[in-house]
Amino acid sequence: MHSSDLSIVSLPDVLMKFLVHRLFAVAIVALLLADVGSAAEAQPQVPMSRRSPIPAESFDDLLKKGKAFEKEFQANDALLLYLAAEKLKPKNPELLVRIARQYRYLMTDASDTQEKLRLGRMALAYSTRAAECGPKDCDAQLATAITLGKMLPLLPTKQQIVASPQIKESVDKALAVDSHNDTAWHVLGRWNRVLAEVSSAKRLVAGLVYGQLPKGSIEEAEQDMKKAIAINPRRLMHYIELGRIYAQMGRKEEAREFINKGLAMPNIEKDDPETKQRGRETLSKL
């Protein structure tokens, strides 16, 4: 599982013209352009110079080639292959998780808030489908929590409150499948940290206006993140987030230690630069 760390448009006409002009077989055009429901209506905006023909290939071949692009964080290219594979196996949970991940990658790269939200909704639609299709798949159960966590800072207060118990439910289901998933413990730790930060006054107002907000524990957040590190000590996001937890607890020296440890590690995952920026912002306030 990769890190996170929560308007649908039609497939661009230019893509269909490109495929037709290239004289692809009618079956392949149908494969790429057939309606797959609202979640597939918004196709990735791929520059013409980067588009390449997708031949009639097996599900396994499409998935393998998509993974190669995903490994290089080439989300648009991976997404085209994954969406083609979806036509062949629309209920494959691994594939649906990967499609959701590509939309989150595109969300990270987008500069406009509304575009981020649009891509986030696409990711959420696929995350929800993944959870439905993979009840015994840890990554599929966790996908909703990761996507909502990514979207959360962009959502209005009411939607944030609605999303909070959904994140917890998603994490709990994932951990019930695999209690040794470090990403799940990381997400749970962040959930506890964020909710523990909400003051009693704000919680009271939120309860009166929007509905009851779940409670989080900063002590549980610390333990969750320590579990994530114990399971997978090679991910910088665990150390930086634990440092942010210590900063919230007022334990400044430990906060500096863990954040700096994470900052010293090389970027490997898509969200690592974003995670490091959050770490630097926390350090600047200590």
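Begin by selecting Tyr126, which counts as buried at a relative accessibility of 0%. The model you have open is a predicted one, and this residue is a useful place from which to find the ring that lies against it.

**The stacked pair**

Add Tyr103 to the selection, and you have one of the 3 aromatic pairs that the structure holds. Tyr103 counts as buried too, with a relative accessibility of 1%. The rings of Tyr103 and Tyr126 are stacked, with 6.0 Å from centre to centre and 20° between the planes. Colouring by helix shows that the pair links distant parts of the chain, since Tyr103 belongs to helix 5 and Tyr126 to helix 6 (residues 113-133), 23 residues apart.

**The core around it**

Keep both tyrosines selected and extend the view to Leu95, Ile99, Leu142, Ile167 and Val171; together with Tyr103 and Tyr126, these touch the most other members of the largest nonpolar core, which has 62 residues. If you then show helix 5 by itself, you are looking at the element that gives the most to this core, with 9 residues. In soluble globular proteins, nonpolar side chains tend to be buried together.

Which residues does Val171 contact, once its neighbours within four places in sequence are left aside? Select Leu142, Ala145, Ala184, Val187 and Leu188, and you will have them on screen.

**The edge-to-face pair**

Return to helix 5 (residues 93-109) and pick Tyr105, which lies in that helix. Tyr105 is buried, with a relative accessible area of 2%, whereas Phe73, the next residue to select, counts as partly exposed at 28% relative accessibility. Phe73 and Tyr105 form an edge-to-face aromatic pair, with 5.8 Å between the centres and 85° between the planes. Phe73 lies in the loop between helix 3 (59-71) and helix 4 (75-88) while Tyr105 lies in helix 5, so the pair ties together parts that are 32 residues apart in sequence. Before leaving Phe73, look at its backbone as well: phi is near 60°, a positive value in a residue other than glycine.

**A charge over a ring**

Now move to Trp191 and display Lys168 beside it. The charged end of Lys168 sits over the ring of Trp191, 5.8 Å from the centre of that ring.

**Towards the C terminus**

Select helix 14 (residues 272-285) and, within it, Gly279. Is Gly279 buried or exposed? With a relative accessible area of 0%, Gly279 is buried. Apart from residues up to four places away in sequence, Gly279 touches Ile240 and Ile259. A distance label drawn between the C-alpha atoms of Gly279 and Met237 should read 9.2 Å, although these two residues are 42 residues apart along the chain.

**The whole chain**

Finally, zoom out. The chain has 14 helices and 0 strands, and buried residues make up 50% of its 286 residues. Switching to a surface display shows about 13900 Å² of exposed area, of which carbon and sulfur atoms supply 54%.

Colour by confidence as a last step. The chain averages a pLDDT of 83, and 76% of the residues score at least 70. Residues 3-43, however, stay under a pLDDT of 50, even though the model has 78 contacts beyond four places in sequence for this stretch. Where pLDDT is low, the predicted coordinates should not be read in detail.

Definitions and conventions
Residues are numbered from 1 along each chain as its sequence is written. This is a predicted model: local features need pLDDT of at least 70, side-chain atom pairs count only at pLDDT 80 or more; totals for chains, interfaces and linings use all residues. Side-chain values use heavy atoms; hydrogens and water are left out. pLDDT is the predictor's confidence in each residue, from 0 to 100. Contact means heavy atoms within 4.5 Å. Helices (H or I, at least four residues) and strands (E, at least two) are DSSP runs, numbered from the N terminus. Buried means under 20% relative accessible area, exposed over 50%, partly exposed in between (1.4 Å probe, protein chains only). Accessible areas come from the Shrake-Rupley method with a 1.4 Å probe; for residues, only the protein chains shown count as cover. Rings of Phe, Tyr and Trp (its six-membered ring) pair if their centres lie within 6.5 Å; planes under 30 degrees apart count as stacked, over 60 as edge-to-face and the rest as tilted. A charge sits over a ring if NZ of Lys or CZ of Arg is within 6 Å of the ring centre and within 35 degrees of the ring normal. A nonpolar core is a set of buried Ala, Val, Leu, Ile, Met, Phe, Trp, Tyr and Cys residues joined through side-chain atoms within 4.5 Å.
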